[in-house]
Amino acid sequence: MLYILIPIPIIILLIIAFINLLKIREKYLRGLNKFTDECKQFEAVVLEQILTDKDGKKTNEVIIQFRDEENHKTVVHKYTLAHKRGYKRGDKVMFFYNESNDLSCIYNDNPFSRNAGIYLNCAFISFILMILLGIYEILMIIYLLINL
């Protein structure tokens with residue numbers, strides 16, 4: 001009889017984990033929004049993707065070129081936080097750049113959006129586990145009611 005009640009604390013812990021994961025995801029998205037609000041948005045062109053540096057160490061840098069019409073200049077920037085490996089010469093990307101700090105990010109390829117995606121996936125997994133444990137709990141109650 002006690003084995004019926006075992007999933008209930010696990011479901012409660014999964015609900016708490018689900019809520020916390022969504023809060024952390026929201027924190028990363030707020031950080032991304034704050035960063036992009038401080039930056040100018042450009043449509044940039046990929047010049048080259050560098051997968052290894054001069055020493056032979058693995059890296060994933062993207063050299064990007066964009067036109068800053070406000071300052072009447074063309075800027076070539078090395079973005080060092082790229083994660084995707086599929087950039088080819090001539091690809092167009094949405095690019096955020098803060099000239100005063102020399103900080104930048106590519107839309108959907110930056111640490112903020114990557115971490116937000118990871119936390120969303122973890123929250124989804126905990127949600128699926130909650131549903132499965134809830135179904136198990138309901139089936140166990142039905143089984144006990146039938147066998148009384």
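Biologist: How many bridges join E1 to E2?

Modeller: In this predicted model, strands E1 and E2 run antiparallel. Strand E1 covers residues 40-52, and strand E2 covers residues 58-68. The number of bridges that join E1 to E2 is six.

Biologist: Which residue stands opposite glutamine 49 in E2?

Modeller: The pairing of E1 with E2 is antiparallel. Within this pairing, the residue of E2 that stands opposite glutamine 49 is valine 62.

Biologist: Which residue takes a positive phi in the hairpin of E1 and E2?

Modeller: The hairpin of E1 and E2 has five residues between the strands. In this hairpin, a positive phi near 90 degrees is taken by glycine 56.

Biologist: Is threonine 59 buried or exposed?

Modeller: Threonine 59 is placed in strand E2. Leaving aside neighbours within four places in sequence, threonine 59 is in contact with residues that include Ile50, Leu51 and Arg85. Its relative accessible area is 16%, and the limit for this class is under 20%, so threonine 59 counts as buried.

Biologist: With which side chain does the side chain of threonine 59 make a polar contact?

Modeller: Threonine 59 lies in strand E2, and glutamate 61 is in strand E2 as well. The distance of the polar contact is 3.5 Å. The side chain that threonine 59 meets in this way is that of glutamate 61.

Biologist: Which side chain meets that of lysine 78 in a salt bridge?

Modeller: The N to O distance in this salt bridge is 3.6 Å. Lysine 78 lies in strand E3 (residues 73-79) and its partner in strand E2, so the pair ties together parts that are 17 residues apart in sequence. Lysine 78 is partly exposed at 45%, whereas the partner counts as buried at 15% relative accessibility. That partner is glutamate 61.

Biologist: How many bridges join strand E1 to strand E4?

Modeller: Strand E4 covers residues 92-98 and runs antiparallel to strand E1. Phenylalanine 42 stands opposite phenylalanine 95 in E4. The number of bridges that join strand E1 to strand E4 is six.

Biologist: How many residues apart are glutamate 43 and lysine 92?

Modeller: Side chains of opposite charge can pair when their charged atoms come close. The side chains of glutamate 43 and lysine 92 meet in a salt bridge of 3.9 Å, N to O. This pair links distant parts of the chain, with glutamate 43 in strand E1 and lysine 92 in strand E4; their separation in residues is 49.

Biologist: Is asparagine 98 buried or exposed?

Modeller: Asparagine 98 is found in strand E4. Not counting residues up to four places away in sequence, it touches Glu38, Cys39 and Leu103. Its relative accessibility is 9%, and the class applies under 20%, so asparagine 98 counts as buried.

Biologist: Which side chain is joined to that of serine 100 by a polar contact?

Modeller: Serine 100 has its place in the loop between E4 and strand E5 (103-106). Serine 100 is exposed, with a relative accessible area of 66%. A polar contact of 2.8 Å joins the side chain of serine 100 to that of asparagine 98.

Biologist: What distance separates the C-alpha atoms of serine 100 and proline 9?

Modeller: Along the chain, serine 100 and proline 9 are 91 residues apart. In space, their C-alpha atoms are separated by 51 Å.

Biologist: With which residue does arginine 114 form a salt bridge?

Modeller: Arginine 114 counts as partly exposed at 24% relative accessibility, whereas its partner is buried with a relative accessible area of 1%. The closest N and O atoms are 3.2 Å apart. The partner of arginine 114 is aspartate 109.

Biologist: Which residues do salt bridges that share partners join into one network?

Modeller: The structure holds seven salt bridges. The pair of arginine 114 and aspartate 109 is one of them. Shared partners join salt bridges into one network, made of Lys40, Asp68 and Glu70.

Biologist: What area does the nonpolar surface patch that includes isoleucine 142 have?

Modeller: Isoleucine 142 is found in helix H2 (residues 111-146) and is partly exposed at 42%. Other members of the patch include Phe124, Phe127, Leu132 and Ile146. The area of the patch is about 1,100 Å².

Terms used
Residues are numbered from 1 along each chain as its sequence is written. This is a predicted model: local features need pLDDT of at least 70, side-chain atom pairs count only at pLDDT 80 or more; totals for chains, interfaces and linings use all residues. Side-chain values use heavy atoms; hydrogens and water are left out. Helices (H or I, at least four residues) and strands (E, at least two) are DSSP runs, numbered from the N terminus. Buried means under 20% relative accessible area, exposed over 50%, partly exposed in between (1.4 Å probe, protein chains only). A polar contact is a pair of N or O atoms within 3.5 Å; within protein, one must be able to donate a hydrogen and the other to accept it, and residues adjacent in sequence count only if both atoms are side-chain atoms. Contact means heavy atoms within 4.5 Å. Two strands pair if DSSP finds at least two bridges between them. Patches are made of residues with over 30% relative accessible area and no salt bridge: like charges are joined within 9 Å, nonpolar side chains (Val, Leu, Ile, Met, Phe, Trp, Tyr) within 5 Å. Accessible areas come from the Shrake-Rupley method with a 1.4 Å probe; for residues, only the protein chains shown count as cover. A salt bridge is a side-chain nitrogen of Lys or Arg within 4 Å of a carboxyl oxygen of Asp or Glu.
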